[in-house]
Structures are given as structure tokens and as C-alpha cells.
Amino acid sequence: MVGLPLLAAGISALVPRRVGSAVTCASSVAAAALALEIARIVVERGALIVLPGWIEVDGLGALIVVLVSLVGVTTSLFSWGYMAGHETGGSPAAYFANFNLFLFSMLAVPVLAEPNVTWIAVEHTTLLSVFLVAFEGTRAALEASWKYVVLTLSGAAVALLGFLLLYAVYQGAGGTGHYTWQALLRAAPRMDPSLALLAFLLVLVGLGTKVGLAPLHTWLPDAHSQAPSPVCALLSGVETSAVLYVILRLLPVLRAVPGSGADRWAEGAGLLSAVVAAFLLLQVSDYKRLFAYSTVEHMGIILFGAALATSATGFAASFQLVTHAFTKSFCFLAAGMVLTATGTTRVDHVRGLTRRSPIAAGALLLGALAIGGAPPFAVFLSELTLIRGGLAAGDYLSVAALVGVLGLAFIGILVPLHRMAFSGSPDEDETRHRSLPRTCVAAVALAAIPVLVLGVYVPPPVHALLARAAALVAR
Amino acid sequence: MNTSLLDALNASAGAIFLLAAFGMVATRQAMASLRLFVVQAAALAASAFLLASRGEGYHLWATGGITVVTKVLLLPWLLRRTIQSDVYVKREIDQVFNIPTSLLLALVLVLFAFGLSRSLRSLLPEAARTVNLPVGLGGLLLAAYTLTVRREAVPQVMGLLALENGAFFVGIAVARSLSVIAELAAGFDIIVTVVILGLLTRAIRERLGTTSVGRLTSLREEGSSQRAGAS
């Protein structure tokens with residue numbers, strides 16, 4: 001399953017554009033089918049061990065695998081149409097090769113069992129996506145990709161120190177045999193609390209840079225707005241989650257270390273990130289950046305929920321991972337349609353979108369409502385679960401702050417996008433008007449399904465997988 | 001060889017490591033910062049070999065060997081192949097701070113690293129950690145400082161890689177018997193990093209005609225009004 005995108009990368013680097021698109025789509029569909037099969041096995045047996053000590057998938061890992069591969073399907077379909085009407089930037093072969101390599105690195109993160117190797121996979125999610133961010137070749141895109149690579153790799157180096165210290169702490173606790181996430185958890189009760197906490201904080205700061213936790217998020221709106229839209233959908237929808245997954249893995253370990261207090265740090269970091277992002281949302285003038293800041297906010301919320309560590313908030317955090325991945329990728333695909341239709345990402349340059357391109361306007365509004373957390377969409381449900389879980393845990397002050405953040409973010413997202421859709425009339429002399437490729441519309445329609453369905457109905461298999469993941473997060 | 005001699009040699013490797021880090025803060029030339037990085041990587045490898053002969057674990061021979069091959073030999077060659085030669089002779093006339101100020105700040109950072117390690121050291125059993133922990137932490141902080149004050153692409157890349165050197169300098173002393181697969185992958189990771197950063201620098205130079213990446217500041221909320229919508 002993980003190898004499929006790698007194979008597709010090799011093929012699509014060599015063949016012409018049309019074939020490259022088809023190969024990428026086919027391999028992502030196949031990878032998604034395999035991912036669902038893996039998830040089914042994990043739900044049944046609790047874990048799938050492919051190569052003991054190296055490749056092991058449990059509930060949380062399976063959840064991330066499913067999210068990455070499903071978003072991979074919609075984004076590769078969108079890429080087809082995106083590349084078909086593309087004249088500037090790099091070559092299509094390079095695009096699809098990089099696209100598949102990036103998918104490969106993200107699928108590798110959740111299935112690797114040794115923490116140090118997981119770190120290497122995380123580093124590669126940056127390295128293999130740099131040229132996707134820089135793909136347009138504009139000044140802004142190059143600047144964004146430089147910022148992206150330098151900041152996230154420095155974060156990774158800090159995290160590396162954390163991982164090496166963690167390994168030392170693990171050995172100090174008498175850990176032997178294969179070094180895996182499981183072994184780490186077993187050795188945790190005998191670990192030195194202050195060194196373990198130091199290692200965790202180094203990882204939190206280092207990988208938090210890549211997840212986009214405020215105040216280390218500065219690169220994120222740049223990279224997540226300058227990349228081609230389908231890449232934004234991957235970066236914002238699942239790459240951040242795939243990296244946050246590593247922090248979520250560590251939290252239960254630190255919880256098992258007597259008196260480490262790591263949960264309080266994570267809770268604070270999550271809440272701070274959500275609050276900062278909500279305020280920054282209010283001053284954004286670019287609709288893709290708007291969605292990027294919303295990612296910073298959501299990552300904070302998920303971390304907050306996981307750190308509260310009751311079974312209800314653990315479930316809410318896992319659910320939020322799912323709703324965020326589907327909804328945010330949908331938002332960026334919708335934004336991609338708007339960009340194709342209007343040729344600008346500035347909020348104040350787009351007016352009367354409903355008349356110019358009803359499909360794009362409808363998708364954008366749907367995305368805005370869904371990601372802002374309006375009922376009856378999935379994000380509303382997951383956030384409500386989290387608020388209820390937080391209240392049950394007795395953390396009233398933080399929950400109050402969270403409710404404020406959600407309200408602020410709702411206003412911050414909806415007001416500008418509403419204006420884009422309804423107010424004024426479109427510029428008639430606007431020449432960059434292009435019709436939307438059919439594959440793009442199909443991709444957006446496909447991406448809309450989970451956004452619409454999960455808010456009113458969570459199918460039993462999804463629920464079972466979430467329960468598995470939640471049990472691991474809130475252990 | 002006896003242990004005290006090896007310890008003394010390891011301390012010298014640490015001193016060279018830290019001096020190279022100071023040099024990277026102070027130098028104006030891109031080429032010099034590449035050379036200093038190679039010196040630093042060699043000191044890292046030397047420390048790994050010394051710890052290995054002190055009996056800290058056979059895997060350290062592999063660590064040292066991988067470091068020599070990737071960072072000392074392959075890396076400079078790869079960088080010079082991907083980035084055109086005129087980038088290396090460039091001098092940065094104005095840094096964010098002038099050099100004496102920078103060095104003073106760097107000194108403060110290193111003192112902080114030593115102070116921090118003193119409080120942690122009692123928790124770590126082995127004698128080798130008296131050198132590697134403070135020096136590695138100091139190297140990490142100096143590299144982070146280099147990264148923030150340098151504006152040219154090549155010195156920034158060197159700062160980035162020196163961050164990883166710092167982490168590894170601590171790592172070789174505290175994390176024993178790391179799996180060889182992880183180490184090989186980390187070596188591979190360095191190569192990929194260098195190639196990608198090199199290619200990106202080249203793209204920036206070709207498209208924008210500059211490698212002063214610190215001066216690229218169009219992407220800010222307040223500055224975005226001048227920016228035309230991205231295509």
C-alpha cells in the first residue's frame with residue numbers, strides 16, 4: 001500500500017501528462033482501497049503487524065492512513081484537471097512524480113513502528129513536498145517554499161534532539177529489544193520524569209513547527225496558500241495531521257511517566273494556538289490564507305482535546321482529525337475552483353461570484369460553513385463532542401476560551417467569503433475567466449460527500465475505527 | 001589507549017566543534033561557512049570514533065563512518081554541483097547585527113547551554129556526557145542563531161545542517177545502540193536535504209536573480225496588498 005505511490009511516482013516521471021494523471025489517480029484509488037482493507041483488519045484485531053518492530057499499524061495509525069489515502073484520491077483527481085489547463089510553472093511529469101512521492105512519505109509516517117525512523121519519515125514529508133510548494137515558480141511561491149523548508153527542517157532538528165534524548169531515557173528505564181512505540185509505552189513507568197519531559201518538549205516545539213502550532217506557524221499560511229490548490233489540500237488537510245499524529249503518540253507515553261506533567265504543556269500549546277489563529281483570521285485578505293489559519297486553529301483544538309485525555313475528548317480529538325482532513329481538503333479544492341474561475345486569491349478582488357461561477361461559489365460557501373463549524377456539518381459535531389467532553393472533565397475556563405475561539409473563527413471565515421459570493425457584480429472586463437475542468441468538479445463533488453454525510457450520520461465501521469484510535473490517544 | 005587520554009581527545013573534538021560553530025556565526029563568506037561546516041562534521045565524526053574506542057558501543061563506528069562519507073565528503077561535492085560557483089564568493093556586507101555583537105550574543109547562548117546541561121547532567125550517568133551534552137546543545141543554539149541572522153542562502157543551509165550536527169553531537173553520547181537502519185536512513189536524509197536545498201537555491205537564483213533569501217519578504221499580511229494574486 002505504501003509502495004504504490006512510490007511506483008506511481010516512478011511511472012509518472014517518465015510518461016506524458018495525460019498518462020501521468022491517469023496513473024496517479026489509479027494508484028491513489030488502489031492505495032485507498034488497500035487502506036480501507038487495513039482499517040477493517042485493524043478494527044477487527046486491534047493491530048496489523050506486517051514486519052514486527054518495523055511496520056505495525058494500530059487504530060491511530062490506520063486512521064491516519066485512511067485519511068491520507070482518501071484525500072489522496074480527491075486531490076489526484078483534482079490535479080488532473082488542474083494540470084490539464086496549466087501553462088506556467090514546472091513540468092507536469094515533475095508535478096505528478098513529486099505528488100506521488102509526497103503521498104508516499106505521508107503514508108510512511110503512521111505505519112512505521114520505530115520512533116526514530118518515524119522522525120525520518122516526517123522529515124521526508126517536508127523534503128518531498130518542497131517542489132510542490134514551489135511549483136508555480138513565482139516569487140511568492142519560491143519565497144514560501146524557502147521559508148517552509150528552512151523553518152520546518154530546523155524544527156525537525158530540534159525534534160531530532162528530542163527523539164535521541166527519548167531513546168536515552170528509554171534505555172535508562174531498562175528498555176530492551178525492538179525500540180517501538182509499544183516498547184516505549186511499556187518502559188514509560190520507569191522513566192526519569194524530568195528528562196522525559198525535556199525530550200517531549202523538544203519534540204513538541206520541533207514538530208509543532210511543522211504542525212503549525214502558534215507561535216511557530218509563520219511559514220504555514222505562506223506555504224499553504226502559494227502551493228497549487230490540490231497540494232494545499234494535502235498540506236493543510238492531512239500533512240499537518242500526519243505530523244500531529246507523532247505528538248499524539250507521545251502524549252500517552254508521557255502520561256504513563258509518573259509526574260511528567262506533559263499534558264498540561266500540550267493543553268496550553270493547543271489552546272494558545274487556537275486563540276492566536278482565531279485572532280489572526282480576522283485580518284486576512286486572501287481566501288487561501290484564511291483556510292490556512294483555520295488549519296492552525298484546528299491543530300490546536302485537536303491537541304487540546306487529546307491532552308485532556310478523557311475518553312470523550314480522546315474520541316472528539318480523533319473525530320476532529322477526520323472532519324478536519326475531509327473538510328479542509330474540500331475547502332482548498334473549492335478555493336482552487338474559485339482561483340481557476342477568477343484568477344485571484346484576494347478576497348476584495350472577487351465579487352459576485354454566484355453569478356460568475358455558481359458551482360465554485362456554492363462549493364466555497366459550503367466549505368466555509370462546514371469548516372467554520374456550522375451545523376449540520378461534521379466539524380460542528382466533532383467540536384460539540386469536544387466541548388461536552390471538556391465540560392465533563394471540569395475544565396470550564398479552557399472550554400470557555402475554546403467556545404470564544406470557535407465563534408471568532410466562524411465570523412472570521414464566513415464574513416469575507418460571504419462577501420465574495422454575494423456582494424457586488426462581477427467585473428465584466430475580467431479576461432482570466434476560465435471554465436472549470438470536469439475532473440475538478442468531479443473531485444470537489446467527491447470530496448463533498450464525507451463533509452455532508454459525517455455531520456448527520458457516522459457509519460458503524462468509521463465509529464469503530466474512531467473508538468480504536470481514541471482508546472490509543474486517551475490511554 | 002587509556003580512558004583519560006580518550007576523554008581529553010574527545011574534549012578537544014568538542015572544542016573544535018564549538019569553534020566551528022562560532023566561526024559560522026562570524027564569517028561573511030559563503031565558501032568559508034561551507035568549510036567550517038565540514039570541519040564541524042569532522043569533529044562530530046572524531047567524537048563518535050573516540051567514544052567508540054572508549055567502548056561506548058560498536059554502532060558508533062558506523063555513525064562516525066556515515067558522518068564522514070555523507071557530511072565531510074559527499075555534501076560539499078553535491079552542494080558545489082547544484083549551486084553555481086559565484087554564489088560562494090559572495091560576501092554579506094550587512095548582517096542583522098554586526099560581528100562583535102553577534103559573537104557576544106553567541107557567547108551568551110553557549111553559556112546558557114552549559115548552564116542548562118549542568119542542571120541536567122546529574123540525571124545522565126556517563127562521564128562522556130560532560131562534554132557532548134553541553135557542546136552539542138551549544139552547537140544547536142549557535143546554529144539556530146546563525147540561521148536567524150544570515151541572509152544568504154548558502155550560510156542559511158549550513159546553519160540548518162549544523163543544527164542537525166548539534167543534535168547528533170548530543171545523540172552519540174546519550175543514545176547508545178541506535179539501530180543501524182535508522183542511522184543509514186539519517187545519512188540518506190542528509191543527502192536528500194542537501195540536494196533539495198541546493199536545487200531550490202538554484203531555482204531561486206535563476207528566477208529571482210538573488211540568493212539573499214533573507215530579503216524575500218513579500219509574504220506578509222500587511223504587505224500583501226501590493227502583491228498581485230498568485231496565478
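A residue counts as buried when its relative accessible area is under 20%. In this predicted model, Ser294(A) has a relative accessibility of 0%, so Ser294(A) is buried. Ser294(A) sits in helix α13 of chain A. Beyond its neighbours within four places in sequence, Ser294(A) is in contact with Leu281(A), Lys328(A), Ile371(A) and Ile413(A).

## A histidine in a loop

His217(A) belongs to the loop between α9 and α10 of chain A. With a relative accessibility of 8%, His217(A) also falls under the 20% limit and is therefore buried. Residues up to four places away in sequence are again set aside: His217(A) then touches Gly212(A), Val276(A), Leu280(A), Tyr293(A) and Val296(A). One of these, Gly212(A), comes just after α9(A) and takes a positive phi of about 95 degrees.

## Helix α9 of chain A

Helix α9(A) has 19 residues, which at 1.5 Å a residue should span 27 Å. The end C-alpha atoms of α9(A) are 25 Å apart, and this agrees with the expected span. At the start of the helix, a side-chain oxygen of Asp192(A) comes to within 3.1 Å of the backbone nitrogen of Ser194(A).

How many of the 19 residues of α9(A) are buried? The count is 15, so α9(A) is largely enclosed by the rest of the structure.

## Salt bridges

Side chains of opposite charge can pair when their charged atoms come close. Over all chains, the structure holds 11 salt bridges. Three of them, in chain A, are set out below.

| Pair | Closest N to O distance |
|---|---|
| Arg40(A) and Glu44(A) | 3.0 Å |
| Asp222(A) and Lys147(A) | 2.6 Å |
| Lys210(A) and Glu239(A) | 2.5 Å |

The pair Arg40(A) and Glu44(A) lies within one helix, α2 (residues 17–45) of chain A. These two residues are 4 apart, which is about one turn of the helix. An α-helix has 3.6 residues a turn, so residues three or four places apart point the same way. Arg40(A), at 42% relative accessibility, counts as partly exposed. Glu44(A), at 55%, counts as exposed. Glu37(A) joins Arg40(A) and Glu44(A) in a network of salt bridges.

Asp222(A) and Lys147(A) link distant parts of the chain, being 75 residues apart. Asp222(A) is in helix α10 of chain A, while Lys147(A) is in helix α7 of chain A. Asp222(A) has 1% relative accessibility and counts as buried, whereas Lys147(A) has 24% and counts as partly exposed.

Lys210(A) lies in helix α9 of chain A, and Glu239(A) lies in helix α11 (residues 229–256) of chain A. Their salt bridge therefore ties together parts that are 29 residues apart in sequence. Are Lys210(A) and Glu239(A) buried or exposed? Both Lys210(A) and Glu239(A) are buried.

## Chain B

Chain B contains 7 helices and 0 strands. Its pattern along the sequence is α-α-α-α-α-α-α. Of the 231 residues in chain B, 55% are buried. Contacts in chain B between residues at least 6 apart in sequence can be sorted by separation: 78% of them join residues at least 24 apart.

## Where chain A meets chain B

The size of an interface is often given as the accessible area lost when the parts come together. For chain A and chain B, this buried area is about 4500 Å², with 68% of it on carbon and sulfur atoms. There are 0 salt bridges between chain A and chain B. The two chains have 1 residue pair in polar contact, counting pairs with both residues at pLDDT 80 or more.

Which helices of chain A each supply at least two residues of the side that touches chain B? They are α5 (115–127), α6 (130–133), α7 (139–172), α9 (193–211), α10 (220–226) and α13 (287–308). The largest share of that side, 20 residues, comes from α7(A). By class, the side of chain A that touches chain B has 27 nonpolar, 15 polar and 12 charged residues. In total, the contact takes 54 residues from chain A and 51 residues from chain B.

Several elements described earlier return here. Helix α7 of chain A, which holds Lys147(A), gives the largest share of the side that touches chain B. Helix α13, where Ser294(A) is placed, supplies at least two residues of that side.

Technical notes
Residues are numbered from 1 along each chain as its sequence is written. Chains are lettered from A and ligands numbered from 1 in the order in which they are written. This is a predicted model: local features need pLDDT of at least 70, side-chain atom pairs count only at pLDDT 80 or more; totals for chains, interfaces and linings use all residues. Side-chain values use heavy atoms; hydrogens and water are left out. Contact means heavy atoms within 4.5 Å. Buried area is the accessible area (1.4 Å probe) that two parts lose on being put together, summed over both. A salt bridge is a side-chain nitrogen of Lys or Arg within 4 Å of a carboxyl oxygen of Asp or Glu. A polar contact is a pair of N or O atoms within 3.5 Å; within protein, one must be able to donate a hydrogen and the other to accept it, and residues adjacent in sequence count only if both atoms are side-chain atoms. Ala, Val, Leu, Ile, Met, Phe, Trp, Tyr, Cys and Pro count as nonpolar, Asp, Glu, Lys and Arg as charged, and the others, Gly among them, as polar. The expected span of a helix is 1.5 Å times one less than its number of residues. Buried means under 20% relative accessible area, exposed over 50%, partly exposed in between (1.4 Å probe, protein chains only).
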